[in-house]
Amino acid sequence: MIGPELANFRDLGGLETVDGRKVAPKRLLRCGDMSELTPETIGALQKEYQVANVIDLRTEKERRKAPDCEVPGAVSYVLDFFPGEELMGRKTMATGSKEQLTQMKDAGLLHAYMKELYADFITNPTARDAMRSFLQILLDTEKGATVFHCFAGKDRTGISAAVILNILGVPKDTIMEDYLMTNQMRAAANQVILDGLRQKDAPEETLKSVETALSVHEDYLRTSFETAETVYGSFEKFIEQGLDIDAEKQKRLQELYLL
């Protein structure tokens, strides 16, 4: 059984496509931080879900502070969306890391910050490289589950889920519903973070900003869709041209991950 310490966990299996098929169960798993897994959760991932791959989308700094727990039998991958950005002098760049999200102190700047992040998912070459590698891992995995995650399992994980679900033919409305489900799935984990900040006497404005930063909003993912449309003509063309996933590869992914 998957324990509560694995926040924002869900199986994308069962989601319906526009042509009436369904995403295969126990193949695509999304979640948040995997650094505090209990033996019971590790056992469930190993035995119930037969996890073949664990894909960590976090920054190097995040990984050092909270390394993933090992899932026996699974191959671990690191696909950092924004590697080396701090070394390049872009310390203010939005990455969606825990450090940035929990330091949000200005609610007025939050919306712009998040939209910048979701636009960067489309325009930043390293983010595209990470998503391309993510899809190649899925192409190379004929059986077993792939679990992919970042810190909160909402932004880097969210856009990755949106990409694969779009390829599989899941309608954008359904993709958005899955994306927004994070607000329910992360409620308990977010409360723990907020309680910790309260114990440190964080101002109420900071608490409100952090709570918002740890949530998702339809406008965020829509920014990725709109940016892809502006740059490539559509989200589908972004996948084909920006991620180099042609029709043949998309068909293969559908064969592997749809019932």
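Over which residues does pLDDT stay under 50? In this predicted model, that stretch is residues 86-92.

**View 1. Confidence along the chain, with a look at residues 86-92.** The model is predicted, and the protein chain has a mean pLDDT of 91. Of its residues, 90% reach 70 or more. Residues 86-92 are another story: pLDDT stays under 50 there, and the model has five contacts for this stretch beyond four places in sequence. Where pLDDT is low, the predicted coordinates should not be read in detail.

**View 2. Helix H6 meets helix H12.** Here we zoom in on H6, residues 156-168, and H12, residues 235-242. Their axes come within 10 Å and cross at roughly 95°. An angle from 65 to 115 degrees counts as roughly perpendicular, so that is how H6 sits relative to H12. On the H6 side, look for Ile159, Ala162, Val163, Asn166 and Ile167; across from them in H12 are Phe235, Glu236, Phe238 and Ile239. Sorted by type, the residues of this contact come out as seven nonpolar, one polar and one charged.

**View 3. Arg58 and its salt bridges to Asp33 and Asp68.** Start with Arg58, which sits in the loop between strand S3 (51-56) and helix H2 (60-65). Arg58 counts as buried, at 1% relative accessibility. One salt bridge runs from Arg58 to Asp33, with the closest N and O atoms 3.2 Å apart. That pair links distant parts of the chain, as Asp33 is in the loop between strand S2 (28-31) and helix H1 (39-48), 25 residues apart from Arg58. Asp33 has a relative accessible area of 19%, and the cut-off for buried is under 20%, so Asp33 counts as buried.

Another salt bridge joins Arg58 to Asp68, and here the closest N and O atoms are 3.3 Å apart. Asp68 lies in the loop between H2 and strand S4 (75-78), 10 residues from Arg58, and this pair also links distant parts of the chain. Asp68 counts as partly exposed, with 26% relative accessibility.

**View 4. A salt bridge within helix H13, between Arg252 and Glu255.** The two side chains meet at 3.2 Å, N to O. Arg252 and Glu255 are three residues apart in H13 (residues 247-257), which means about one helical turn separates them. Arg252 is partly exposed, with a relative accessible area of 32%. Glu255 is partly exposed too, at 48%. Stepping back to the residues around Arg58, salt bridges that share partners join Asp33, Asp56, Arg58 and Asp68 into one network. A search of the whole structure turns up 17 salt bridges.

**View 5. Thr182 and its surroundings in helix H8.** Is Thr182 buried or exposed? Thr182 is buried, with a relative accessible area of 0%. Its helix, H8, covers residues 182-185. Setting aside neighbours within four places in sequence, Thr182 is in contact with Asn8, Arg10, Arg30, Gly153, Lys154 and Val216.

**View 6. Asp129 in helix H5, with Gly20 for reference.** H5 covers residues 125-139, and Asp129 belongs to it. Asp129 is partly exposed, its relative accessible area being 39%. To get a feel for the span, check the C-alpha atoms of Asp129 and Gly20: they are separated by 31 Å. Along the chain, these two are 109 residues apart.

Technical notes
Residues numbered from 1 in each chain as written. Predicted model: local features only at pLDDT ≥ 70, side-chain atom pairs only at ≥ 80, totals over all residues. Heavy atoms only, no water. Axes fitted to C-alpha atoms, helices over the stretch in contact; angles between N-to-C directions. Helix = DSSP H or I, 4+ residues; strand = E, 2+ residues; numbered from the N terminus. Parallel < 35°, antiparallel > 145°, perpendicular 65-115°, else oblique. Contact = heavy atoms within 4.5 Å. Nonpolar A, V, L, I, M, F, W, Y, C, P; charged D, E, K, R; others polar. Salt bridge = Lys/Arg side-chain N within 4 Å of Asp/Glu carboxyl O. Buried < 20%, exposed > 50% of the residue type's maximum accessible area, 1.4 Å probe, protein only. pLDDT = per-residue confidence, 0-100.
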